[in-house]
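User: I have a model open and would like to learn how to read it. Could you take me through the features one by one?

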Amino acid sequence: MCMLFWDEWLGFDWMAFRQFLFSVGCLSLMISLIATTEGYAWWQPYASVWGFFASNATISIIGAMFAMTALFWFWRFKVV
């Protein structure tokens, strides 16, 4: 994930990182508000996503390992 916030001349881009965190926060707030207006608990969307990954644990672990390996090799050849 660090590659998204890496500037080739200045190093780590804190402004992009803050913008990413703000966007994730706003998106999470919007998802929670939509869930509550539909009559569900505010945490229901997150519990559903967690339940999906928990019920498909093998695929989730394989996908996480593949994603981490891909990000490492991207970082290895792009950043370093």
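User: Let's start with the order of elements. What pattern does the protein follow along the sequence?

Analyst: Happy to help! This is a predicted model. Reading along the sequence, you meet the pattern β-β-α-α-α, which comes to 3 helices and 2 strands. The radius of gyration is 17 Å, well over the 12 Å that the globule rule gives for 80 residues, so the protein is more spread out than a compact globule.

User: What box do the C-alpha atoms fill?

Analyst: Along the principal axes, the C-alpha atoms fill a box of roughly 50 × 35 × 10 Å. Burial is worth reading alongside that: of the 80 residues, 8% count as buried. The accessible surface comes to about 6,900 Å², and 76% of that belongs to carbon and sulfur atoms.

User: How do I check the length of a helix, say α1?

Analyst: Take the expected rise of 1.5 Å a residue and compare it with the distance between the end C-alpha atoms. Helix α1 covers residues 14–37. Its 24 residues should span 34 Å, and the end C-alpha atoms are 35 Å apart, which agrees. Just after α1, G39 takes a positive phi of about 100 degrees.

User: Which residues of α1 are buried, and what do they pack against?

Analyst: The buried residues in α1 are A16, S32 and A35. The buried residues of this helix pack against α2, residues 44–55.

User: Let me pick S32. Is S32 buried or exposed, and which residues is S32 in contact with beyond its sequence neighbours?

Analyst: The cut-off for buried is under 20% relative accessible area. S32 has 12% relative accessibility, so this serine counts as buried. Leaving aside neighbours within four places in sequence, S32 is in contact with W42 and Y46.

User: Where does Y46 sit, and how does its accessibility read?

Analyst: Y46 lies in helix α2. Its relative accessibility is 34%, so Y46 counts as partly exposed.

User: Which residues form the nonpolar patch on the surface?

Analyst: The two contacts of S32, W42 and Y46, come back here. The patch is formed by L27, M30, I31, I34, W42, W43 and Y46, which together have about 730 Å² of accessible area.

User: Which element gives the most to that patch?

Analyst: That is α1, with 4 residues. So you can read α1 in two ways: A16, S32 and A35 are its buried residues, while 4 of its residues belong to the nonpolar patch.

Notes. Residues are numbered from 1 along each chain as its sequence is written. This is a predicted model: local features need pLDDT of at least 70, side-chain atom pairs count only at pLDDT 80 or more; totals for chains, interfaces and linings use all residues. Side-chain values use heavy atoms; hydrogens and water are left out. The radius of gyration is taken over C-alpha atoms; the globule rule is 2.2 Å times the number of residues to the power 0.38. Buried means under 20% relative accessible area, exposed over 50%, partly exposed in between (1.4 Å probe, protein chains only). Accessible areas come from the Shrake-Rupley method with a 1.4 Å probe; for residues, only the protein chains shown count as cover. Contact means heavy atoms within 4.5 Å. The expected span of a helix is 1.5 Å times one less than its number of residues. Patches are made of residues with over 30% relative accessible area and no salt bridge: like charges are joined within 9 Å, nonpolar side chains (Val, Leu, Ile, Met, Phe, Trp, Tyr) within 5 Å. A salt bridge is a side-chain nitrogen of Lys or Arg within 4 Å of a carboxyl oxygen of Asp or Glu.
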